[in-house]
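Trainee: Hi, have you got a few minutes to go through a model with me? I'll put it up here.

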Amino acid sequence: MGLIDFDPGQLTARLRLERPVESPDGQGGAVVGFEAVAELWARIESLAAEVEELAGAGRVIVSHHIWLRFRTDVAAGMRLAKGTRRFAIESVRDPDETGRYLVCRCREEGR
């Protein structure tokens, strides 16, 4: 596998990395919220948009690749936030296995 030729100057989006946190709901279950882990620079690449019908209403799901500098604490199930936009991380990979960058495949709903 060859090195990815990527200009770090393309990391122009300021995002907040968030992890899920469970809190008791008082009825034996849990409510999942998110707490901030870090602020970081990233590159957002839109991949595709799909319209999905759910309970008779349409919603748009946009998939993205989000590039960021390598971190060991990023995993599927976390999310990235930019203002009111939320990107659910579905998978994380090191594109050239050098420990320089991560590419997160993310899903943004309701855009």
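Trainee: Which residue takes a positive phi in the hairpin of β2 and β3?

Mentor: That's A55, with a phi near 55°, and the hairpin has two residues between its strands. Before we go on, this is a predicted model, where local features need pLDDT of at least 70, side-chain atom pairs count only at pLDDT 80 or more, and totals for chains, interfaces and linings use all residues. Residues are numbered from 1 along each chain as its sequence is written, and side-chain values use heavy atoms, with hydrogens and water left out.

Trainee: Got it. And which residue has a positive phi in the hairpin of β1 and β2?

Mentor: There G26 has the positive phi, near 85°, and five residues sit between the strands.

Trainee: How many helices and strands are there in the chain?

Mentor: Zero helices and six strands. Here helices (H or I, at least four residues) and strands (E, at least two) are DSSP runs, numbered from the N terminus.

Trainee: What do the strands build, and in which order?

Mentor: A closed barrel, running β1-β2-β3-β6-β5-β4 with antiparallel pairing. On average, neighbouring strands of this sheet are turned by 45° against each other, direction ignored; the axes are lines fitted to C-alpha atoms, and angles run from 0 to 180 degrees between N-to-C directions.

Trainee: How many bridges join β1 and β2?

Mentor: 12, between β1 (residues 13-24) and β2 (residues 30-54). Two strands count as paired if DSSP finds at least two bridges between them. In this pair, V21 stands opposite G33, and L17 has A38 as its bridge partner.

Trainee: And where does β1 meet β4, say at E18?

Mentor: E18 stands opposite R79 in β4. Those two strands are antiparallel and share three bridges.

Trainee: What about β4 and β5, how many bridges there?

Mentor: Four, joining residues 79-82 to residues 85-93. One partner pair is L80 with F87 in β5.

Trainee: Changing topic: what share of the residues is buried?

Mentor: 29% of the 111 residues, with buried meaning under 20% relative accessible area (1.4 Å probe, protein chains only).

Trainee: How are the charges split?

Mentor: There are 16 positive and 18 negative side chains, and the centres of the two sets lie 5 Å apart. Lys and Arg count as positive and Asp and Glu as negative, while His and the chain ends are not counted. Each charge is placed at NZ of Lys, CZ of Arg, CG of Asp or CD of Glu.

Terms used. Buried < 20%, exposed > 50% of the residue type's maximum accessible area, 1.4 Å probe, protein only.
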